[in-house]
Amino acid sequence: LTFAEAKPLGTNGLYWLRVHLANLFGKSKSSLQERVQFTINNQQNIFASAQEPFQTNWWLEADEPWQALATCKEISAALNYPDGPENYKSSLPVHADGSCNGLQHYAALGRDHEGGKQVNLLPGDQPRDVYIGVCEKIVEKIDKITAGDTDILYEVFPDIDKDDDRKNNKIKMAHILDGIIDRKVVKQTVMTSVYGVTFIGARDQILKRLYDKVEEILAAPDNYAKKYAQLIQLDVIDAKTKELNEKELMKASQFAAALTLHVLSELFQSARKIMTWLGECASLISQAEQPVSWITPLDLPVVQPYRKDSAHVVRTLTQKINLFDNSTELPISTQKQKTAFPPNFIHSLDSTHMLLTAIEMDRRGLTFTAVHDSYWTHANDVPIMNTTLRSCFFELYSQPILEDLLDSFQIRYQHIDFPPIPERGKLNLAEVKQAPYFFS
C-alpha cells in the first residue's frame with residue numbers, strides 16, 4: 001500500500017525509512033540509532049534486494065518480507081536520486097507502532113508508574129519490552145523458590161500453609177520451569193491480560209508453549225542434556241519410553257499461569273484494580289437487566305449488545321441448522337456483559353486516541369492512516385506525527401475519564417450503588433511527551 005500523494009523526504013525522511021526497515025526486520029526492541037545503524041550496515045543488501053530481488057534472499061529474512069522489499073526499493077531509489085535523497089518524492093507509509101497498546105492505556109488510566117515504564121510511557125535510552133519484563137520477574141521468583149526462598153509461594157498461593165504437601169508440589173513445579181520460561185511462553189498471556197484473560201485461559205496458553213519447549217528438548221536431548229536429565233528426574237519425561245508426562249506439564253502450566261498473573265498484578269497494580277472495578281460496575285448494571293452503555297470522550301455512545309442467545313434447531317433430511325435470535329427483547333447475559341466491558345471500554349479509549357490524532361493531523365494538512373495501534377504517515381512527517389500522537393494521548397488522559405464514567409452510571413442507573421473508583425498511582429503522564437519509544 002502507498003499513499004496517493006508522494007512527498008519529498010526532506011531532512012528527516014531517509015532516517016525514518018531506515019527505522020521503518022529495521023522494524024520490519026524485528027529490530028523494534030533496539031534503540032532508534034541502532035535501527036538506523038542496522039540499515040547502514042546492510043546497505044549493500046538493501047541495494048541488491050532492490051535491484052535483483054530474485055537473486056538475493058536477504059529481504060526474505062524480514063518479519064514482513066514484502067513490506068521490507070518495498071522499503072529496500074524506496075531507500076535505494078532515494079540514495080541514487082540525482083538531486084539527493086532529501087528531494088526524492090516518497091509515497092511509502094512509515095509506521096509507528098504502540099508498545100502493547102492495551103496495557104499503555106491501562107497504565108495511563110491507572111497512573112501506574114512501574115507499569116507505564118514497562119510499556120514505554122516514560123523516557124528511556126532503550127525501548128522496554130513488557131513481555132521480557134514480565135518474563136524476567138517470573139524467572140526471578142522461580143530462581144528464589146528453587147534456591148529455598150519459599151515465602152513467594154505464600155504471596156502467589158495464599159491458601160497453602162507451611163506444612164501443606166501442596167507446598168512441596170509447587171517447589172517441584174518451580175524446578176520443572178527453571179530454565180524453560182522465556183518471552184514466548186508468557187507473551188500471549190501478557191497480551192491478552194487487557195482482555196481479562198482468566199486463569200484457565202492463561203493456563204491453556206502457557207501449556208501450549210511449554211509443550212513446544214519440552215518437545216524441542218525431546219527432539220534434541222544432547223543439546224539440553226542437563227535439563228533433559230532433570231525433567232526425567234521430575235517425572236515430566238518418562239525415563240523408559242521418553243514420552244512426555246502431560247499431567248505433570250499441566251501442573252507446571254497452572255503454576256506458571258498463577259505466577260504470570262501475579263507478576264502482572266504487581267507491575268500494573270492500579271490498572272488491575274481498575275479492570276476489576278470496571279467488571280464490578282458492569283456486573284451490577286447487567287444484574288439489573290440493563291446492557292452496559294457509556295459515552296466516549298468524543299461523545300460517541302456505546303452499548304454492549306450481549307444477551308442470552310435464543311437458539312432454534314431446524315432439522316432437515318440432510319442437515320441440522322442452528323438459528324439464533326439476537327432480539328433486544330432477550331435477557332441480558334450478565335457474564336458476557338461483565339467480561340466484555342473492561343476490554344471494550346479500553347478499545348473505546350484506544351479508538352478515541354487514534355481519532356484525536358487523525359483529526360489533528362488533518363488539521364495540519366498531513367496524511368495519516370492507522371491499523372489499530374500502528375500509525376502511518378509520510379517519512380518526512382513522522383516527527384510531527386510522533387509529537388501529535390503523544391500530545392493527543394496526554395490530553396485524552398488528562399480528562400477525568402473514570403469520574404465521568406461513574407457520573408454517567410449514577411445518573412442512568414440511580415438505583416444501583418456503585419463501588420468507588422480505585423486509588424491510582426503516581427505516574428506523571430506529562431512525561432509521555434518525551435518518551436521516544438511510546439510509539440516507535
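Two residues count as being in contact when they have heavy atoms within 4.5 Å of each other. In this predicted model, Ile181 makes a good starting point. Setting aside its neighbours within four places in sequence, Ile181 touches Cys135, Ile138, Val139, Ile142, Val186, Leu210 and Ala256. Ile181 also belongs to the largest nonpolar core, a set of 95 residues, where it and Phe345 are the ones with the most contacts inside the core. Helix H13, spanning residues 246-267, chips in with the largest share of this core, eleven residues. There is also a second, separate core, made up of 25 residues, with Leu9, Leu21, Phe38 and Ile75 among them.

Next come the empty spaces. Searching the whole structure turns up two cavities of 30 Å³ or more. The largest holds about 40 Å³ of space, and its lining consists of Leu103, Tyr106, Ser193, Val194, Leu264, Phe268, Ala271, Arg272 and Met275. Helix H5 (101-110) and helix H14 (269-287) are the elements that give two or more residues to this lining, with H14 giving the most, three residues. Sorted by class, the lining of the largest cavity has seven nonpolar residues, one polar and one charged.

The second largest cavity has a volume of about 40 Å³. Around it sit Trp16, Val19, Val94, His95, Ala96, Val382, Asn386, Phe439 and Ser440. At least two lining residues apiece come from helix H1 (13-24), strand S3 (94-97) and helix H16 (382-397), and S3 gives the most, with three. No charged residues turn up in the lining of this second cavity, which has six nonpolar and three polar ones.

Key. Residues numbered from 1 in each chain as written. Predicted model: local features only at pLDDT ≥ 70, side-chain atom pairs only at ≥ 80, totals over all residues. Heavy atoms only, no water. Core = buried A, V, L, I, M, F, W, Y, C linked by side-chain atoms within 4.5 Å. Buried < 20%, exposed > 50% of the residue type's maximum accessible area, 1.4 Å probe, protein only. Helix = DSSP H or I, 4+ residues; strand = E, 2+ residues; numbered from the N terminus. 1 Å grid on protein atoms, 1.4 Å probe; cavity = no way out; pocket = protein on both sides within 12 Å on 5 of 7 lines; lining within 4 Å. Points joined across faces, edges and corners; volume = space filled by probe spheres on them. Nonpolar A, V, L, I, M, F, W, Y, C, P; charged D, E, K, R; others polar.
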